[in-house]
Every structure is written in C-alpha cells, then in structure tokens.
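Please look over the structure shown here. A short report follows it.

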Amino acid sequence: MNYFLLFITSLVTTLLLVPPIKKLAHVTGAIDEPCERKVHSGLVPRMGGLAIFFGFILTYFVYLNQSQEYRGILIGMVVVVLIGIIDDSIGLEPKLKLLGQVVAAMAAMVMSGVNINVLGGVLGSNFDLGMLSWPLTLLWIVGITNAINLSDGLDGLAGGISLIAFSSFGFLAYYREDYFVFSLCLVLAGCILGFLKYNTHPAEIFMGDTGSLFLGYSLGTLSIAGNFKSLTTITLITPVLVLLIPIADTLWAIIRRLYEGRSPFSADKKHFHHTLLKTGMNHSQTVSVIYGLSTALSACAVALALSSKLRYLLLPMVLMGVIALFAQVSGAVNFSHLTTRLFNKLDHWFSFESQSFLSKASLRMLLIGTTIYSICFLVSLPLVPTNLLFIASTTVVLLLFLAATGGENGRSYMLFSLFFLAAAIALVISHTIEADRRLLGVNMATLETIAFWFMVTGVFGKIIFKKTPEIVLSTPLEFFVFLVLISIAIVPEEFRSQYNLVHHTLRTFFLFLSFKIIALTSFRKEHSTASVILSSLVFVVFSTLL
C-alpha cells in the first residue's frame, strides 16, 4: 500500500473540489449570515464539508474498496452528510438531526460491528460490558458527532481538532498493525488539510453541518473500530483523552443550558472558544491554544496506550501545562512580560544599528544554508528510488499549485505548506547521505551538516534581533506543525531509531522556518537576496553540468 498516494490523492481531490462547492453553496442558499452569536462579519458559504466527504469517498473507492467490513460506517457517513446538506441549505429540526445520527450510528454498529465490548484497565481489570455495549456505543458515536459539530465555531477549529484526533488514532492503528483503519485516518487527514486551505482565518468557506457531522461521526466510529474495540488496557480512556476538549465543552454546554431552563439543542456564545476570545485573544491565538491543548492531550493518550509507565511523567506535565495556560488566560500570570523584559535587556546590550546588522547577517546565513540544501536536493533527485522521487516531485507540484491559487488566506496556507517541501527535501537528502554520496568531491553529509548549522544560527538570529512576531508560529496551522514535530518525543524508541525521526524532525523544522523567513523577507528591503539567489542558481546549473 502506497500510503503517500492515499494521502496526496485525498488532499488534492479536496483542494480541487472546494471551489465548485463554494459556487454550489451560493446556488442552494447555503450561506452563513453574521449574527450576535457568530464571530464572522460577512456572508460566508457553508456546506464545504461536502468537499471533505467527496474527497474521502473518491479516494476510498479508488484504493480501499476491497473491504466490505466497513460498509455500515460508509452508509452512516452518507446519512449524516445528507442531514448536514439539508440543515445547511434549508435548516433542520434538532430532533430530526439527532434521529439521523442515531440511524447512522446503528448502521455502523449492526453492519460493521462497531461497538465497545470491553473496558480494560479502567477498574483494574477487564470488564465485559455485555448488553451495556449497545447503549454505550450509541451514546459514544452520537456524542462525539455532536461534540465536533458544536466545536465548529471558529475558522479552522473543528477541522484542526479532527486532524489532531485522526493523526493520533492513525498512529495507534499503525502501531497495532491495523493498517486499514490507519489508511482511513490518513485519507481523512489529507481531506482535512486540503479543506483547511480555504477554511483557515479568514475563512473563504465553512464546513457547515455537512462537514462537522461527517468528521464527528467518522471520529466516533473509527476511534472504536478495528483493534481499538479489543484493547486490553485503557480501552475507552485513550479516545476520551484525544477528544477531551470537544467532549468537555459539549457536556458543559448541555449542563449549562439545562440549568438555565433552555433546550440543550439551543445555541449560545458561551463555548470554550468564546471564553478564550473574551479574554482578549484574537482569532488565531484562540485556535492555536485549543490546538495546543488537544495535541497535548492526544500525545498523553497515545503515550499511555503504548506504555502505562509514562503516566507518571506525562500526566503531571500535561496538568502543569494546563494550569499554566489557564493562569495566563485568567490574567493571574503574564508570561509575555518575561519575553518583553528579555528584549529590553537586549536593547541595552546592542544598539539599533548592531541589531539591524546582525538581523541581515542572520538572513544571509539562512540563504547560504537553504541554498546548499537546495543544491543537495537537486543533485540527489536522480539518485533516489522512484517512490521517493514521486513524493518529492509531487510535493513541488502541489506547492506550485498552491502558489497559483492563493485566496484570501492563501499566504497563510502557502507558508504552512512549505513544511511539506522541507520534509521532502530532508527525506531525499537523508537517503543520499546514507548512500555516502559526494558533491564536487565533498562528502554530502558534511555539506548537509554545515547547511543545517547555518540555518539554526540564522533562525535564532532573526528571532532574537528582528523581533518580528510572525517569524515563528504566526498561524494556527504552523502551530499545529510545531506540535506534531514535538510529539515525536512520545514515539517508541524502536520507531525513532528505525526511521531516524529525531534527525528528520530537526532538519524539517529548521528548514521550514528558514523557508518561511525568506518568504516573508521583502526583496525591496533586502537587496542582497536577489543576488544571492541568482548566484545560487548559477552554481546549481554548474554543478548539474559536472
């Protein structure tokens, strides 16, 4: 199974489907109008989740249609998507939406055998649920479906939370050799990433109930499908931790509304993301904070599922992180003051002219490092296996497509997409280094090490002396990339050593930041940039001829 082909097909398919579905939303009247409980100010088409659904279905039937075991889940997906389309277009009563979700859940339970049979490691031993399995499974699937639906209140929020969850479940499925569930999670992750190009702030389209119900239902079923329903330890704790943010937010919303004498299906502006916005955070900061919490909980859940011994290290760390976050949000502590004080001391040590000079010098170091990496990449392409060449070339073509089709938030997604280019370059060069290749008589490993330390020095130099907030983690998508890379720490040692993950992670992250800093640098302000790039191209041509 070519997993990269699965991922790239779902990603590209969704990218191409969103524009026509935006037009369809206008034709059908699926337009989200601003109101006092919404955070957007203009007319935005919804029903974008249809692109996610079709991206998944098309990829599924091309590559994965040989399995009949999951047809009940597929039927349920169709049911919730139809419910979402009707609700996005003309509106639907909450009770009818709930009835449709129950029907979809029953399809997965009866036809695909999706159920929670055993609670293992929760009460100290395995507990067979017996007949309680059916109502508990139904409650789980419907509850997760609604939890994701209710979390869809900010641009990219529901999609990002779902992406983090599918990444976690996909990793666990691969680790437990459940490759079909891993493939499904990978396809869904690709679909979400494709949609996020248009859904990051400011969103060009919303996923609507079509998307949030589909993603919620997919999470609810796949989190307990395959090997997940027969785990011997922490059977239910793992998916609960991964989805704790939307679950807790939904339960609190139900309790709050019932206490206020309102229907639990009524809407309000008191969700967790609304609370963060009221503290003074902007849209991107709020989404990034929730991404951070979701990733921390997911990493903790994955680690606990792999090794219960890690609970003594991870649980206190996560608890301390959550306490620190809420202390910052509540105003009890202001960690930004520490950064401000450090930069004030820096201003005393270095004059403005010195900092400007060091900032430009850092940029030149980045240019040198990325130029060497680019040369090594181009020289390495003819030497790598066909599958690796396909990954690298597809990544470059995809980036060119994104550059040519940038929308309102095109720059944000384009910068985020540079991560994939950085990962492809690091992977290709690493393969050539392992083969002990040389460039112009110089060992490729030596050139790569020199380039890496040039980039590391340049990145820290720009952060310290330029002091521009958008250099690092300026958007939720970039914050997500950073969190995923940090999560490599919880991967088992045999995986890290087998695939050299630490090496690839460091190279990818600093190459990504280098690309971003260079992309954000104005050619008019940095006149030397053009000359360095021009000379680099000349050197590339020269080395190719040799």
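The report below goes from the whole chain to its cores, its largest cavity and a few single residues.

This is a predicted model, in which local features need pLDDT of at least 70 and side-chain atom pairs count only at pLDDT 80 or more, while totals for chains, interfaces and linings use all residues. Residues are numbered from 1 along each chain as its sequence is written, and side-chain values use heavy atoms, with hydrogens and water left out.

## The chain

The chain has 546 residues, and 52% of them count as buried. Buried means under 20% relative accessible area, exposed means over 50%, and partly exposed lies in between (1.4 Å probe, protein chains only). The secondary structure comes to 22 helices and six strands. Helices (H or I, at least four residues) and strands (E, at least two) are DSSP runs, numbered from the N terminus.

About 24800 Å² of the chain is exposed, and carbon and sulfur atoms supply 68% of that area. Accessible areas come from the Shrake-Rupley method with a 1.4 Å probe; for residues, only the protein chains shown count as cover. Of the contacts with a separation of 6 or more, 78% join residues 24 or more positions apart. A contact means heavy atoms within 4.5 Å.

## The cores

In soluble globular proteins, nonpolar side chains tend to be buried together. A nonpolar core here is a set of buried Ala, Val, Leu, Ile, Met, Phe, Trp, Tyr and Cys residues joined through side-chain atoms within 4.5 Å. The largest one has 90 residues. Phe56, Phe214 and Leu243 have the most contacts inside it. Helix H7 (residues 179-199) gives the largest share of this core, 15 residues. A second, separate core has 35 residues, among them Cys376, Val384, Val459 and Leu513.

What does Phe214 touch, leaving out residues up to four places away in sequence? Its partners are Ile52, Phe53, Phe56, Met77, Val80, Val81, Leu188 and Asp209.

## The largest cavity

The structure holds four cavities of 30 Å³ or more. On a 1 Å grid over the protein atoms alone, a cavity is a set of points where a 1.4 Å probe fits but cannot get out; lining residues have an atom within 4 Å of a point. Grid points are joined across faces, edges and corners, and a volume is the space filled by probe spheres set on the points.

The largest cavity holds about 60 Å³ of space. Helices H6 (157-175), H10 (244-259) and H11 (272-278) each give two or more residues to its lining. H10 supplies the largest share, three residues. Among the lining residues are Ser151, Leu157, Pro246, Asp249 and His273. The lining divides into six nonpolar, two polar and one charged. Ala, Val, Leu, Ile, Met, Phe, Trp, Tyr, Cys and Pro count as nonpolar, Asp, Glu, Lys and Arg as charged, and the others, Gly among them, as polar.

## Single residues

Four residues are set out here by place and accessibility.

| Residue | Place | Relative accessible area |
|---|---|---|
| Met47 | loop between E2 (44-45) and H2 (49-63) | 2%, buried |
| Glu177 | loop between H6 and H7 | 58%, exposed |
| Phe206 | loop between H7 and H8 (208-222) | 12%, buried |
| Ala296 | H12 (283-306) | 33%, partly exposed |

Most residues other than glycine have a negative phi. Met47 has a positive phi, near 75 degrees. Glu177 also has a positive phi, about 65 degrees.

Phe206 and Gly48 are 158 residues apart along the chain, yet their C-alpha atoms are separated by 5.5 Å. Ala296 and Leu241 are 55 residues apart along the chain, with 9.5 Å between their C-alpha atoms.

Notes
1 Å grid on protein atoms, 1.4 Å probe; cavity = no way out; pocket = protein on both sides within 12 Å on 5 of 7 lines; lining within 4 Å.
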